[in-house]
Structure formats: C-alpha cells, structure tokens
Amino acid sequence: MESKSVEKSKSIKDELKEYQLQLNEMDPVASIVVARFPMSRKSEIAMVINEEYKRFGHQVDRQHFGVVLLSFNQINKALEYLSTDAEYFAFYAVPYVIKRGIIVNYQENHKGRQIESITFAAPVEINNTRGNMGVVVQRIKGTSRYKTHRIIMPDGTDFVFKEIKSTEPSPGVSLA
C-alpha cells in the first residue's frame, strides 16, 4: 500500500505575511468599534457572536463562491483555536472578510482529508487600529463552513488594539 505525502499547511499568520504588501495596499473591508465583551467565558462569547451572526442569517453569500455557513457549532469550534482579546473581537469582522477579502490560500485536499480549505484575507479596523485578517473556510461535500480566523498588525506582528472605555456592550460595525 502506497502512502501519500500530505503537504504541510502554512499557518494563517504565515499566509497573511506572504500577502502583507497586497493587503496593506487594500482599503479595510470593515471598521469595528467595540468596548469589550461583557463576559469572560468562551461559552458566553459564543452566544454573543451567535447573536451577531443572526443578522446575516448565519451565512455569507460570496459572489462566485457561494454560501458560507456561520453556525453556532462553528463558532464554538473556532473558540478552541482562539486565545486573545484581539481574536475574539475579530469575530465581528469574519463575515466582511469572507464577503470582500481576497483568496490567499486554497488547498483541494487539506491534510489528506478530502476537505477543501480556502483562506480569505482582508484588512480590517478594530477600535481604529488597522490589522490584516485571515478567515479559513472549509468545503466538505459542497457545503462551505467557517473554520477559524487570525489577525495580525500590518507589519506582521501580533495584533494590538486600544480598548475603548464604554458601557455600550454591542459593537458598531461599518463597511470601510
């Protein structure tokens, strides 16, 4: 029995760094202002993001690509990969990056699992701080689902933003 070699995947951050110059020349696809999450547990964050994604019908329809599902289950799974406040706040930009970002990576057979993996990337602003964001979408048997995301500064370092002091718990999002 022959073994097939599987190409090692780049990290999302490495993909963003590879396209850094192109992303830095683009206009942000969203500008988000958010004070902070009014809770600290990941299960509570998932509920807040789920409510936000209801505004989109839990999906994004990208021209020439199709519908990408943003389900509660996918939000919970993504939280397993995220660890910083910046990544939590970046959840609000996920639909906009999927809708208006560029494709920076495509794998037809991700990790040899018969799964297509597509990384969309675009610049976003969170609390007036610009960052480059990558969103991974996986397509399994014709159904596309959000997988996870990352955000870095335009120079490739870890994303750092200013926290806004406010009692307003809901974010303001505008298309830049």
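How many of the chain's 176 residues count as buried, as a percentage? The figure is 47%, where buried means under 20% relative accessible area, exposed means over 50% and partly exposed lies in between, with a 1.4 Å probe and protein chains only.

**Before you click**

This is a predicted model, in which local features need pLDDT of at least 70, side-chain atom pairs count only at pLDDT 80 or more, and totals for chains, interfaces and linings use all residues. Residues are numbered from 1 along each chain as its sequence is written, and side-chain values use heavy atoms, with hydrogens and water left out.

**Colour by confidence**

Start with pLDDT, the predictor's confidence in each residue from 0 to 100. The chain's mean is 85, with 82% of residues at 70 or more. Now select residues 1–7: pLDDT is below 50 there, and the stretch has 2 contacts in the model beyond near neighbours in sequence. A contact here is heavy atoms within 4.5 Å. Among the elements, helix α6 (residues 94–100) has the highest mean pLDDT, 97, and strand β8 (residues 172–174) the lowest, 55.

**Switch to cartoon**

You should find 6 helices and 8 strands, taken as DSSP runs numbered from the N terminus (helices H or I, at least four residues; strands E, at least two). Following the sequence, the order is α-α-β-α-β-β-α-α-α-β-β-β-β-β. Of the contacts with a separation of 6 or more, 66% are between residues 24 or more positions apart.

**Select helix α3, residues 42–54**

These 13 residues reach 18 Å from first C-alpha to last, close to the 18 Å expected at 1.5 Å a residue; the expected span is 1.5 Å times one less than the number of residues. Show Ile-45, Ala-46, Ile-49, Asn-50, Glu-52 and Tyr-53, the buried residues of α3. Look down the axis: they fall within an arc of 160°, so they line one face of the helix. That arc is taken from the directions from the helix axis to the C-beta atoms. An α-helix has 3.6 residues a turn, so residues three or four places apart point the same way.

**Into the core**

Next comes the largest nonpolar core, with 49 residues. Such a core is a set of buried Ala, Val, Leu, Ile, Met, Phe, Trp, Tyr and Cys residues joined through side-chain atoms within 4.5 Å. Select Phe-91, Val-94, Val-97, Ile-98, Ile-126, Met-133 and Ile-151, which touch the most other members. Strand β5 (residues 116–126) gives this core its largest share, 6 residues.

Centre on Ile-151 in strand β7 (residues 143–152), buried at 3% relative accessible area. Beyond four places in sequence, its contacts include Ala-86, Val-124, Ile-126, Met-133 and Phe-159. From Ile-151 to Phe-89 is 62 residues in sequence and 9.9 Å in space, C-alpha to C-alpha. Hop to Ile-126, whose contacts outside that same four-place window include Ile-32, Phe-89, Ile-151 and Phe-161.

**Two polar stops**

Which side chain does the side chain of Asn-105 make a polar contact with? Glu-15, at 2.4 Å. A polar contact is a pair of N or O atoms within 3.5 Å; within protein, one must be able to donate a hydrogen and the other to accept it, and residues adjacent in sequence count only if both atoms are side-chain atoms. Asn-105 sits in strand β4 (residues 102–107) and is buried at 16%.

Finish at Ser-31 in strand β1 (residues 31–33), buried at 14% relative accessibility. Its side chain and that of Glu-125 share a polar contact of 3.3 Å.
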